[in-house]
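Here are some exercises to work through with the model open beside you. Try each task yourself before you read the solution.

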Amino acid sequence: MKAMALRAPIGLDRLAMEDRRDPGEPGPGEIRVALHGSSLNFHDLGVATGRMPAADGRIPLADGAGTVEAIGPGVGEFAVGDTVVSCFFPDWQDGPPTVGDFSRTPGDGIDGFAQEFVVRPATAFTRAPKGFDAVEAATITTAGLTAWRALVVDGGIKAGDTVLLLGTGGVSIWALQLARLMGATVAITSSSGEKLERAQDMGAAFTLNYREQQDWGQVVRDWTGGRGVDHVVEVGGPGTLAQSIEAVRVGGHISLIGVLTGAGGEVPTAALMARQARLQGLIVGSRREQQDFVRALDAAEIRPIIDRRFALDALADAFRYEMGGAHFGKIGVEW
């Protein structure tokens with residue numbers, strides 16, 4: 001079969017198509033999946049560029065969706081022909097977080113889904129949302145589930161809440177769609193006026209260019225009449241956290257998801273204490289949470305926003321496009 005692999009010294013110029021041994025038939029508790037789509041995440045980019053160490057020969061991409069070709073003994077949840085989508089943490093089935101690293105995350109600690117076929121435990125997949133193609137389904141594994149957990153599982157979002165989203169990448173645009181689905185009012189930031197217009201067309205009530213308004217936390221607070229927002233989906237990290245704390249209401253909730261501005265920095269602890277806000281770090285979610293998310297999508301009328309699709313053998317170009325930051329929503333890969 002064909003697979004994209006990273007060779008040491010790892011970098012985008014060392015990402016190439018290889019012939020790999022077909023994984024064969026599934027054993028007990030396993031399924032064989034013909035993969036047809038994936039999507040890119042910031043985490044994948046870190047692996048592909050060598051910023052996050054990975055083994056020589058690693059097959060990248062944490063997201064994978066396709067069709068079940070065969071089932072092993074003891075598998076009752078899936079049948080041949082079912083469309084399925086992978087789990088970011090294949091061993092975290094349910095309950096509170098138990099995983100704090102990426103040693104078992106596809107595309108990082110183990111081989112990912114930039115390949116034609118896989119044989120994995122059935123518990124490493126869930127059903128795909130009804131009507132989604134493979135690329136659309138693959139967007140729920142990392143970005144979609146992160147937004148779902150931030151707002152629904154951890155945030156307990158309800159109709160009438162206010163939400164602040166930072167940027168217009170995969171997590172933030174999924175969060176915009178979910179927040180609107182739940183009846184919340186959304187504010188969103190970007191450095192691009194065109195992207196802000198698109199977000200407004202999708203239902204964002206307030207848009208803000210953070211390059212033009214460096215004190216955007218106070219601007220958002222003013223927008224709420226001085227109260228502050230109920231939820232912040234914080235994807236920036238140390239460079240944006242102070243403004244997010246300024247924007248959140250007393251007793252509000254900040255989901256700390258991303259490190260786009262760096263992995264470490266000062267936390268304005270006095271401001272956080274004065275807000276009495278809950279600052280919660282999170283990394284994606286469990287299989288059970290993904291199953292709940294899929295059921296919600298089956299009942300909703302929303303589809304993921306795919307900015308652009310690339311062929312599998314153009315994966316390096318897809319990553320370069322991601323590095324350029326021009327995308328709105330998700331970048332897909334299909335084959």
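**Exercise 1. Find the residue just after helix α5 that takes a positive phi, then work out how α5 sits against its surroundings.**

Solution. Keep in mind that this is a predicted model.

Step 1: go to the end of α5, which spans residues 193-201. Just after the helix comes G203, with a positive phi of about 115 degrees.

Step 2: pick out the buried residues, meaning those under 20% relative accessible area. In α5 they are K195, L196 and A199.

Step 3: look around the axis. K195, L196 and A199 cover an arc of only 100 degrees, so they end up on the same side of α5. As a reminder, an α-helix has 3.6 residues a turn, so residues three or four places apart point the same way.

Step 4: check both sides. The buried residues pack against α4, β9 and β10, while the face turned away from them carries the exposed residues E194, E197 and D201.

**Exercise 2. Do the same for helix α10: which residues are buried, and what covers them?**

Solution. Step 1: α10 runs over residues 315-324, and its buried residues are L315, A316, A318, F319 and E322.

Step 2: seen down the axis, these fall within an arc of 155 degrees, so they line one face of α10.

Step 3: the elements covering them include the strands β1 (2-6), β2 (15-19), β14 (306-311) and β15 (330-334), along with helix α1 (42-48).

Step 4: now step off the end of the helix. G325 follows α10, and its phi is positive, near 70 degrees.

**Exercise 3. Work out the strand order of the sheet that contains β8, and say which strands are at its edges.**

Solution. Step 1: trace the strands across the sheet. The order is β10-β9-β8-β11-β12-β13, 6 strands in an open sheet with parallel pairing.

Step 2: find the strands that pair on one side only. These are β10 (206-209) and β13 (278-281), the edge strands. From one strand to the next, the twist averages 15 degrees.

Step 3: zoom in on β8 (residues 162-166). Here 5 bridges join β8 to β9 (residues 185-190), and 3 bridges pair β8 with β11 in the parallel sense. V163 makes a handy landmark: V163 stands opposite V186 in β9 and opposite H231 in β11.

Step 4: add the helices. β8, α4 (residues 170-181) and β9 make a right-handed β-α-β unit. Helix α6 (residues 216-223) lies across several strands, including β8, and runs at about 160 degrees to β10.

**Exercise 4. Why can we call β8 largely enclosed?**

Solution. Step 1: take one side of the strand, where T162, L164 and L166 are buried. Step 2: flip to the other side, where V163 and L165 are buried too. Step 3: put that together. 5 of the 5 residues of β8 are buried, so the rest of the structure largely encloses the strand.

**Exercise 5. Is R278 buried or partly exposed, and which residues does it contact?**

Solution. Step 1: R278 is found in strand β13. Its relative accessibility is 39%, so R278 counts as partly exposed.

Step 2: leave aside neighbours within four places in sequence. The contacts of R278 are then D154, G155, G252, H253 and I254.

Step 3: look closely at D154. Its backbone oxygen lies 3.0 Å from a polar atom of the R278 side chain.

Conventions
Residues numbered from 1 in each chain as written. Predicted model: local features only at pLDDT ≥ 70, side-chain atom pairs only at ≥ 80, totals over all residues. Heavy atoms only, no water. Pairing = 2+ DSSP bridges. Helix = DSSP H or I, 4+ residues; strand = E, 2+ residues; numbered from the N terminus. Axes fitted to C-alpha atoms, helices over the stretch in contact; angles between N-to-C directions. Contact = heavy atoms within 4.5 Å. Buried < 20%, exposed > 50% of the residue type's maximum accessible area, 1.4 Å probe, protein only. Right-handed = clockwise from strand over helix to strand, strands pointing away. Polar contact = N/O pair within 3.5 Å; in protein donor to acceptor, adjacent residues only side chain to side chain. Arc of directions from axis to C-beta.
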